[in-house]
Amino acid sequence: MKRFFTFALSLLATAVLMAQGWPSKYQGVMLQGFYWDSYSDTQWTNLESQADELAEFFNLIWIPQSGKSNNTANSMGYDDMWWFNDYNSSFGNEQELRSMISTFKDKGLGTIADVVINHRFSMEGWFGFPEETYKGVTYTMSSTDVCSTDDNGGAQAEADRLGVSLGAADSGDDFGGGRDLDHSSQNVQTVVKAYLDFLLNDLGYTGFRYDMVKGYAPMYTGIYNVAANPQFSVGEYWDGNTSAVKGWLDGTASGGAIQSAAFDFPLKYLLNNCCNGSSNWNQLSGSSLMSDLNYRRYSVTFVDNHDTYRDNNALTGNVLAANAFILAAPGTPCVFLPHWKEYKSEIKQMIYARNMAGISNESTFKALNNSASQYAMQVNGDGGKSVVVLMGGTSWPRSTADEADYFLVQTGDNFAYYLSRNAETAWASVPSGTYDNAFTVTLNAVSAADGVQLVYTTDGSEPSASNGTTVADGATVTVSDGMTLKVALLKGGVVSGTVTRQYAVTHFQPYDITVYVNTDNVGWADMNYHSWGTQAEYSTDWPGKKIETTAEIGGKTWYYNTYRISSSSDMVNFVFSTGTGSPQTVDVVNVNTDKYFEISTEQSGGKNLVNDVTDQYPAGIGGVYAGTQERPDNMNVYTIDGRLVRSLGTGVTTSEALDGLEKGIYIVGGKKVVKN
């Protein structure tokens, strides 16, 4: 009986701890897996295809609101309407969503749901909410679940016209879209609690990101989290005032325990001030959740998000330095998808170092230098290990910390990132990943001991005193094809600090793509291609390049322009317009193959939608060669998206190069070829 009672108390204690908003001493890193209009990048199938890579570096991934929204075309999910029964969104269908969440979970990557409950859109009129069923219970809302002050009196006027009643006054800020929900309503609370249960226990989400929590009193977040018991919860309390954000956190408390984390907007604005051009780096010692020992557990740090990225709150200057700071600092770092894509190698290395030092959301830190020209911070992890980040000047500061005790992980414009040598680990200068061509990896011993060597293997086997190649610190390894590299410290015949790096090499060759646009549906008299992307030469000034070249294909006139794809990660993005830039289309992103686009009369946010009709037209073929033609250069064969199929030498005919391959389009010797 005593054992049972003790076990019951243990379960209760575990439940209480899990309900406290964010885990104590949490060492994870989160990825925001979307940005505004990231309809291609954030497709559930696309994110799932990256699960192995993402799970190596991140513990959590925050994705957009995944239910069906009011806008049936392109929606980021903040005009949410369906909570239970329709999960076909702009990012994929329900089956794809469930598959992605399940795959992430199998690999140890938790998915954070974007929970939009401040407001909700209706199906018909102002108060026609959908009727939905979950676990045999039917849920709906009515006018009495809408705040009486919604839309600055607009909701009340509509209610008076219809002769219906509204709920209580809004307990937070008014929102101009949809209907602001009255969270004092027992029906609203019942529906929200069921919705959160569905997200966690049916779809399989790990936790919640609450949207626009300024819109309702913080006590309701506490009520919902106590009921749902998520392991992770973070609120978007968009305010640069640290006291205000702390006040919201305190307001979520139940039973004396804060029930949610919050995004550290105060720290974001400190980073903006420094990394957007200010020379006063000591501003980083200012007030934030991260800087307060009593609140840093609940600090989710970030550089930008989908909203700040597209307005005057964006950090447009030294983005990599800002990411270095949050990846060193206490709190839980949330890396923004565009930053991950642009600085993937550097961010990977800093995440490795953070994990090796055991930095958590409650780690302590001290300033090694706090001056206008440099802010230097030492953050303490597990077992006396630490990282040091230098912001501003990259010269080691005069302090009690000795530069010889640290290993330089990453440096760049106005920042440097170090890992303490007592981490006692091997290090590889290139992180796991896929690379276009052969490269060299430098191996280092991050160790405080003398006489340490390194031993490595390239076949995935475990290195030991009797297995692998033994080398000195600073040795190099050439990676020309796929490889599993394992490197370990070796001293006195004992191996320790093993690291594993998975490398893939595509042997990529540049190729050209042609982007065709037809305007018959809208009758535009001319055409502008405004473009940007991973290569500087793509970038144009608004409204872009006026395109005058046309081709007659399939009985239609198509504007077209050609672009060079220089790497496997290369993408071109577009906005098409007429005249001086109006009317214009929505963004068309991540183009790296021949495309045929038709401008639609349908619009989203006043911008014309674009239909991809590539499958209805032939790809622009650079050349179709007879089987007897020999090529003087190499005859490597690639798929249209740049994956190497065959590596062949000179003097091989096109037909020989394609022999045995399936029908389709290939790049052979740098030219696009059709195999029939």
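## Two packed helices

Helices α6 and α7 are oblique to each other. The reason is their angle: angles outside the parallel, antiparallel and perpendicular ranges count as oblique, and these two helices pack at about 50°. Their axes lie 9 Å apart. Helix α6 covers residues 186-203, and helix α7 covers residues 218-228. The model is predicted.

The crossing of α6 past α7 is right-handed. Which residues make the contact? On the α6 side they are V188, Q189, V192, K193, L196 and L200. On the α7 side they are Y220, I223, Y224, A227 and A228. Sorted by class, the contact of α6 with α7 has nine nonpolar residues, one polar and one charged.

## A five-stranded sheet

Elsewhere in the model there is an open sheet of five strands. Its order is β29-β30-β26-β33-β34, and the pairing is mixed. In general, strands of a sheet pair through backbone hydrogen bonds, either parallel or antiparallel.

Which strands form the edges? They are β29 (550-553) and β34 (607-612). Each of these edge strands pairs on one side only. From one strand to the next, the twist averages 40°.

## One strand pair inside the sheet

Strand β26 spans residues 511-518, and strand β30 spans residues 556-565. In what sense do β26 and β30 pair, parallel or antiparallel? The pairing is antiparallel, over seven bridges. One residue to look for is V515: its bridge partner in β30 is N561.

Key: Residues numbered from 1 in each chain as written. Predicted model: local features only at pLDDT ≥ 70, side-chain atom pairs only at ≥ 80, totals over all residues. Heavy atoms only, no water. Axes fitted to C-alpha atoms, helices over the stretch in contact; angles between N-to-C directions. Helix = DSSP H or I, 4+ residues; strand = E, 2+ residues; numbered from the N terminus. Parallel < 35°, antiparallel > 145°, perpendicular 65-115°, else oblique. Left-handed = near helix turned anticlockwise from the far one by under 90°. Contact = heavy atoms within 4.5 Å. Nonpolar A, V, L, I, M, F, W, Y, C, P; charged D, E, K, R; others polar. Pairing = 2+ DSSP bridges.
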